[in-house]
Amino acid sequence: MEGVVDPANMRAAYLGVKAKGGAPGVDGMEVEEIKEHLRRHWESIRGKLLEGEYRPAAVRAVEIPKANGGKRHLGIPTVIDRMIQQAIHQRMGPTFEEGFSESSYGFRPKRSAHDAVRAAQEYVAGGKRWVADIDLKSFFDQVNHDRLMNMIGRKVKDKRVLALIGRYLRAPMQKKDGSREGRTAGTPQGGPLSPLLANIYLDPLDKELERREVSFVRYADDIAIFASSQRSAQRILESVIEWLKKELGLEVNREKSGSGPSGTSSLLGFRLYEDGRIGVSPKAITKLKEKVRECWDARQSKTSEELSEQWRRYISGWWNYFQLADWRSEVRSLSGWIRRHMRKCFWLRWHHPRGRINALKRLGVKGRSLGMAYSGLGAWAIARHWVMQWALKNQTLHRYGFSIPWDFMEA
């Protein structure tokens, strides 16, 4: 605990929490307020931590939509608790990191989702073209506290640290209506310590797969095991599901787990074709299209500059992640469809014939072509009309910040 509260360690934790920002916890304290709070109360907090008497606050229950239409349950600790968790993580992480598997990539220093996908690509290129996908059912809600604390206790001997981690695991969830729900299992997503605890809990699975000498990648609770035949992939899938239940008490979502050719499965948003190419998964394409419709919804009360910034921020982040794909036909084919949504959005935002005539004139449209302002066609059809395509040419959209990054790179 002395290492946790060391000034240099706490300062790094403070800077980490401040950089990440995030929503307030149950006390309503914003990240910007933490410095003044620490100035007033840090000595008292530090004393309680060293004496083993610190009690974390409840975590704020939050639900966010999942890509499959369900809900992901998060638990948001207070800013102070996030800082303390971060400080514990910084001291405890290296102790476990040195023993983690080379095939584990999630939430680890100098490792990324791209590294996991490249490793999987090598397995496929090497002939292991069948994959067993394992989807853990609500993993972060299933973690057995006793098992986890036993795993941590093998390397962490300070009883104050162990007791504090146990309190963080058991901290109640406070719902919107103010009611609190106690927890006897699980490690809520939302705190800086949870990713490390997840890797500690699943490390025995990594070691078991290494013992069996199978090829696999794990990114947090996303697990993909590669085999050279369908029969082998199915056999591995069934045996690992049984092992997870017996050894870690984890249930597998049978509907989302299965085995098949790598080209029909998805890993971290990517598809690994049997010839070794990397593509974007159909689910990721669907999610992109949903976001395009959302970004270019004409009913938003945003200026053109705000629309441009919103689009640039989203699509640059998306492309920074997915440009790892070297098979991009599915992505390139969306370019015209995306620009059509842009043109539709502006047509609707021009509201009425007079506004549309003025806008078209500003864009260089002249003469009889301006009569399109009175068209009775729907906005989606208008967006494909040659006059609208000329008025908002690809170069014009690009000049105003409505770019499509893969088109720019391909050019």
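These legends go with a set of close-up views of a predicted model.

**View 1. Glu 2 and Arg 160 pair up across a long stretch of sequence.**
Here the side chains of Glu 2 and Arg 160 meet in a salt bridge, at 2.7 Å from N to O. Glu 2 sits in the segment before α1 and Arg 160 belongs to helix α7 (residues 159-170), so this contact ties together parts that are 158 residues apart in sequence. Both ends still see some solvent-accessible surface: Glu 2 is partly exposed at 47% relative accessibility, and Arg 160 is partly exposed too, at 23%.

**View 2. Arg 218 and Asp 206 make a buried salt bridge.**
The N to O distance between these two side chains is 2.9 Å. Arg 218 comes from strand β6 (residues 215-219) and Asp 206 from helix α8 (residues 194-211), so the pair links parts that are twelve residues apart in sequence. How buried is Arg 218? Its relative accessible area is just 1%. Asp 206 goes down to 0% relative accessibility, so it counts as buried as well. Back at the pair from View 1, salt bridges with shared partners join Glu 2, Asp 158 and Arg 160 into one network.

**View 3. Arg 39 and Glu 36 form a salt bridge within helix α2.**
The closest N and O atoms of this pair are 2.5 Å apart. Both residues lie in α2, three residues apart, which is about one turn of the helix. Which of the two is exposed, and which partly exposed? Arg 39 is the exposed one, with a relative accessible area of 60%, while Glu 36 is partly exposed at 34%. For the wider picture, a search of the whole structure turns up 20 salt bridges. The general idea is simple enough: side chains of opposite charge can pair when their charged atoms come close.

**View 4. Four acidic residues make a negative patch on the surface.**
The members are Asp 27, Glu 30, Glu 32 and Glu 33. Where does Glu 33 lie? You'll find Glu 33 in the loop between α1 (7-20) and α2 (34-51). Its relative accessible area is 41%, so Glu 33 counts as partly exposed.

**View 5. A positive patch gathers on the surface around four basic residues.**
Arg 72, Lys 256, Lys 283 and Lys 287 come together here. Lys 256 is in the loop between α9 (230-248) and β8 (258-261). With 41% relative accessibility, Lys 256 is partly exposed.

**View 6. Helix α13 is mostly covered.**
Of the 15 residues in α13, twelve are buried. Among them are the aromatic residues Trp 337, Phe 346 and Trp 347, and the list also includes Arg 339, Arg 340, Arg 343 and Arg 349. Ser 335, Ile 338, His 341, Met 342 and Cys 345 are buried too. How does the length of α13 (residues 335-349) check out? At 1.5 Å a residue the helix should span 21 Å, and its end C-alpha atoms are 21 Å apart, so the two agree. Just after α13 comes His 351, with a positive phi near 70 degrees.

Technical notes: Residues are numbered from 1 along each chain as its sequence is written. This is a predicted model: local features need pLDDT of at least 70, side-chain atom pairs count only at pLDDT 80 or more; totals for chains, interfaces and linings use all residues. Side-chain values use heavy atoms; hydrogens and water are left out. Patches are made of residues with over 30% relative accessible area and no salt bridge: like charges are joined within 9 Å, nonpolar side chains (Val, Leu, Ile, Met, Phe, Trp, Tyr) within 5 Å. Accessible areas come from the Shrake-Rupley method with a 1.4 Å probe; for residues, only the protein chains shown count as cover. Lys and Arg count as positive and Asp and Glu as negative; His and the chain ends are not counted. The place of a charge is taken as NZ of Lys, CZ of Arg, CG of Asp or CD of Glu. Helices (H or I, at least four residues) and strands (E, at least two) are DSSP runs, numbered from the N terminus. Buried means under 20% relative accessible area, exposed over 50%, partly exposed in between (1.4 Å probe, protein chains only). The expected span of a helix is 1.5 Å times one less than its number of residues.
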